[in-house]
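Reader: I'd like to go through this model and ask what stands behind the labels. Can we start in the middle of the sheet and work outwards?

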Amino acid sequence: MKKDALLYPLRNTQNTDDTPALWNWAQNSVVGQRQQLHQPRSEAELQQLLRDSHGKVRVLGSRLSPGRMLCVQPQDVLLDLSALRGILAQDEESVTFAAGTPLQQVYDSLTKMDRMLASSPGVIAVQTLAGALATGTHGQGLAQSSLADEALHIRMVLADGSVREFQRDDADFPAAMVSLGALGIVTAITLRTQPFRLFTCHKFAASADSLEQDLLTWNEQHELSKAWWFVDDNLMHVWNADVASAEDSQAWYDHQREVIEHGDQADSSLNDTIDQTLEHMHRDTQIHGKGGKQFRTVTRFRDFTDISGDIYQLFCRGIAVPQINVEIGVPLAKTPEIISKIKAWYAQNRPHMHYPIILRCTGASQAWMSPAHQQPTCFFGFVVYYADDGSLSQDGLHFLTEVEKLLAAEGGRPHWGKYYDPQRYQWRAIYPQWDAFRAVREQLDPTHRFSNDYVTALFD
C-alpha cells in the first residue's frame, strides 16, 4: 500500500449504519466491530468489565481522531462512555464533569453558572471532555494553553479495574493531563473555573508582508488571536479579541445572551482571494454549485463584522466536514523565522493551496505530552477536504507532506488527534519528558491493555 494511502486514507462514501463494522467519524478507517462495543452505564460497570475481560481496551469517544488512534483487534474491547456525562460536583472554584460529557455541554453548563474556563475552546465542540484532554485540544491566546491545563483532578480506571485519583500536585499528574488514552480510562475530570467574561472580536484583512512580526504583535497585544494566511495572495484574515466593554456586555444581556453584531462592515479586499480558493476547492472536491459545508468555511471570510459574545460563541464555530487536518506546533520564538522559510519555500515551489494556513498561538503547557509543553507555541494548521467520491486532491496532499517536513525539521510537534507522519519526528528529542511518560505507563499499565498499533509504534 502506498504511504499516502496509510497516512491519508480515502473515505468510504457508502452508508455504514447497517454494517457490522464501526467507522471513525470521517469514515476513512474501521475502528472495530459493533459486537465489540460495550456501553457501561456507570464507573462500577466499567470496573467490572475490565476485570472480566482480557483483550486490549480502547474508548470510542466521538470518533473524530484518525482511525489509527482507535483501531482494535477482534478479541479486544471497544468502549462507549456516552452514559458517563454531566456534572458530578461543583464548588466556588471548580466543576467536576463525567468524562463522556461533550464539550458543548461543558461550555453550556459553565455559562449558566456564570463561570468559564481559562482555556480558549477549540473549534469543534462535539468532542468528549476526556478525548479533548487526551489529545491536547487547545484554542488560541498566549495567556492560556490547552484544555488539559485547566484540570485539577483526574479520576482514572486502570487495567485491573482499580481506580487512581490524580491530583494537581502529584508528581505524575502531567502524564495524566494529555495521556493519549495509554494510561487508563478517565471517568471524571475536575476543571478549575473563573468568573464569566464577555469578549469583543475585531475582524480585519491585512497584508502578510510583515506577518513575521505582526503575528507576535497580535498575540502580545490581544487576549485572543486567530489568523488565516492566504499564501497565494499574501493576505491575512485576522480575529483579535479582548474583554468586552460594559456597554457591549449590557447589550449582550439585553439581547437574551445572543451574539451582538457591530454593524455590517463590508470589506471586499479578500473577495478575489476567496473566489480563487473556492475555485480550487470546487476542482479538488469535484463538488459544483454552492452546496457543501466545506465551502461555508471559506465564504465566511467575506464577513468582517465585529461581534461581542462569550468565548464559546466567538471561537467555537467549527463546521465539521470530513477532512485531512494536519496541525504542527512550533516554538513561538522560532515562528518568525519559520514563516520566512515558508514564504521562501512557497515562492520557489508555488504549491497548490487547497485552504489557507490557520495560525493559533498558546502559552506553555504543563502536560508532558502536550505539543506546547514548556514553551509558548504557534500551531500551524492545514486542511484538505475530501471529494464527494471519497478521494483527496493529490496536489493538496503533496503540500501537506512538504510543509510537514519543513515544520518537523524546525522542532515541530504534531497535534495528537490529527494527521501526521510519525517517521518525521524524533520523539525523545522534542519531548523532554518522553521517558518519564513511558515510565508512568509501565507502572499503571504493565500489560499494555490500553495499547494498540498507534500507541505501540510510539512507545514500544
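Author: Sure. Bear in mind that this is a predicted model. Take E14: Leu224, Lys226, Trp228 and Phe230 on one side are buried, and so are Ser225, Ala227 and Trp229 on the other, leaving both faces covered.

Reader: What makes E14 largely enclosed by the rest of the structure?

Author: It's a matter of counting. Buried means under 20% relative accessible area, and 7 of the 7 residues of E14 are buried, so the strand counts as largely enclosed. The split into two sides fits a general pattern: in a regular strand the side chains alternate between the two faces of the sheet.

Reader: How do you know that E14 and E15 pair?

Author: Pairing takes at least two bridges. E14 and E15 have 7, in the antiparallel sense, so the pair qualifies under that cut-off. Ser225 stands opposite Asn240 in E15. The two strands form a hairpin with 4 residues between them, and Asn234 in the turn has a positive phi of about 60°.

Reader: And what does E14 have with E19?

Author: 4 bridges, with the strands running antiparallel. The bridge partner of Lys226 in E19 is Arg360.

Reader: Which partner does E15 have in E13, and over how many bridges?

Author: E13 (residues 198-207) and E15 (residues 235-243) pair in the antiparallel sense over 9 bridges. Asn240 turns up again here, as the bridge partner of His202.

Reader: Why are E16 and E21 called edge strands?

Author: Look at the order of the open sheet: E16-E17-E13-E15-E14-E19-E20-E18-E21, 9 strands with antiparallel pairing. E16 (260-262) and E21 (413-414) each pair on one side only, and that makes them the edges.

Reader: What lies across the sheet?

Author: Helix H6 (residues 211-221) lies across E13, E14, E15, E19 and E20, at about 15° to E15. Helix H11 (residues 335-349) lies across E14, E18, E19 and E20, at about 30° to E20.

Reader: Why is H6 called oblique to H11?

Author: Their axes cross at roughly 140° and come within 8 Å. Over 145 would count as roughly antiparallel, and 65 to 115 as roughly perpendicular; 140 falls in neither range, nor under 35, so oblique is what remains. The crossing is right-handed. In the contact, Leu211, Glu212, Leu215 and Leu216 of H6 meet Thr335, Pro336, Ile339, Ser340 and Lys343 of H11.

Reader: What puts Leu359 among the residues with the most contacts in the largest nonpolar core?

Author: That core has 114 residues, and Leu359 shares the top group with Trp229, Met236, Ile357, Phe380 and Trp416. Helix H12 (residues 394-409) supplies the largest share, 7 residues. Leaving aside neighbours within four places in sequence, Leu359 is in contact with residues including Leu211 and Leu215, and also with Trp229, Met236 and Phe380. Apart from this core lies another, of 13 residues, including Leu49, Leu79, Ala159 and Phe450.

Reader: One last check: how do you know that Thr101 is buried?

Author: Its relative accessible area is 0%, and the cut-off is under 20%, so Thr101 passes. Thr101 sits in the loop between E7 (94-98) and H3. Beyond its sequence neighbours, Thr101 touches Leu84, Arg85, Gly86, Val106, Gln127, Thr128 and Leu129. One of those, Val106, is itself buried in H3.

Notes: Residues numbered from 1 in each chain as written. Predicted model: local features only at pLDDT ≥ 70, side-chain atom pairs only at ≥ 80, totals over all residues. Heavy atoms only, no water. Contact = heavy atoms within 4.5 Å. Axes fitted to C-alpha atoms, helices over the stretch in contact; angles between N-to-C directions. Core = buried A, V, L, I, M, F, W, Y, C linked by side-chain atoms within 4.5 Å. Buried < 20%, exposed > 50% of the residue type's maximum accessible area, 1.4 Å probe, protein only. Left-handed = near helix turned anticlockwise from the far one by under 90°.
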